[in-house]
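Reader: Before we discuss any assignment, could you take me through the reasoning behind each term you apply here?

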Amino acid sequence: VTRKLNQLETLMNDVNEGVSQEVVAGESDTLKAVLGHIHQIRSREKITPKMFQPLRDSATLLKKYGKPLDDYELKLLADAPMKWDSTVNNVYKVKEKVNTLQNDEVDKIKARVEAFDNELSEFRRLFRRHAPFTYDLGVNDAYEKINEFHHKISEKEAAAAILVDLEQVFELSVSKHSEIKKSRAENKMLK
């Protein structure tokens, strides 16, 4: 009970402090941070209110068996629902304020994702053309090619992970980047 209350209190304090940052047009890092805080609350918005009654029941049970919570924890438990509602309301107010900035950033992210998808298509063509799928290379040369593609695929995976993270923060549909997965699987089979 104590751990859950402290985690929730910390989350609410961090989010309230995080969304209080002033977001100015062009400051995408601040916008990302604020949207990250908003995402934290929105992802827990439905489950958190459902945990208050079980926590109260646990506190009552602990008290019944001689292990009551201290006054600070009881105050946290009593104040938690109201503070949660206040945090959620604050998050939605901030979301409204940053909505236009978010839309501008979303357009930029969509353009980056499209450019990355084009880059992946080209990479996939190069991989299919130059990976050692035939026996015309020696073993050492083939292994060097496989290793070279392994590193290139890892770079693409890292870039894709950054874009997926951005898509999640900005509430976009997450790209699958299947070309990377296909290339990784084929490269692994070649190895």
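Author: A helix here is a DSSP run of H or I covering at least four residues, numbered from the N terminus; in this predicted model, arginine 184 is found in such a run, helix H6, residues 178-190.

Reader: What makes the pairing of arginine 184 and histidine 150 a polar contact?

Author: The side chains of arginine 184 and histidine 150 are joined at 2.8 Å, and because the cut-off for a pair of N or O atoms is 3.5 Å, that value qualifies. Arginine 184 touches His150, Ile153, Ser154 and Glu157, not counting residues up to four places away in sequence.

Reader: Why are H3 and H4 called roughly antiparallel?

Author: The axes of H3 (residues 48-64) and H4 (residues 71-130) come within 10 Å and cross at roughly 175°; angles over 145 degrees count as roughly antiparallel, and H3 and H4 are therefore described in that way. The residues making the contact include Phe52 and Leu55 of H3 and Leu77 and Trp84 of H4, and the full set divides into 8 nonpolar, 1 polar and 1 charged.

Reader: How do you know that H4 departs from a straight helix?

Author: A straight helix of 60 residues would span 88 Å at 1.5 Å a residue, whereas H4 spans only 69 Å between its end C-alpha atoms. There is also a kink of about 55° in H4, centred on valine 98.

Reader: What makes aspartate 70 a cap of H4?

Author: A side-chain oxygen of aspartate 70 lies 3.2 Å from the backbone nitrogen of tyrosine 72, at the N-terminal end of H4, and this distance falls within the 3.5 Å allowed for a polar contact.

How values were computed:
Residues are numbered from 1 along each chain as its sequence is written. This is a predicted model: local features need pLDDT of at least 70, side-chain atom pairs count only at pLDDT 80 or more; totals for chains, interfaces and linings use all residues. Side-chain values use heavy atoms; hydrogens and water are left out. Axes are lines fitted to C-alpha atoms, for helices over the stretch in contact, and angles run from 0 to 180 degrees between N-to-C directions. Helices (H or I, at least four residues) and strands (E, at least two) are DSSP runs, numbered from the N terminus. Angles under 35 degrees count as roughly parallel, over 145 as roughly antiparallel, 65 to 115 as roughly perpendicular and the rest as oblique. Contact means heavy atoms within 4.5 Å. Ala, Val, Leu, Ile, Met, Phe, Trp, Tyr, Cys and Pro count as nonpolar, Asp, Glu, Lys and Arg as charged, and the others, Gly among them, as polar. The expected span of a helix is 1.5 Å times one less than its number of residues. The bend at a residue is the angle between axes fitted to the seven residues ending there and the seven starting there. A polar contact is a pair of N or O atoms within 3.5 Å; within protein, one must be able to donate a hydrogen and the other to accept it, and residues adjacent in sequence count only if both atoms are side-chain atoms.
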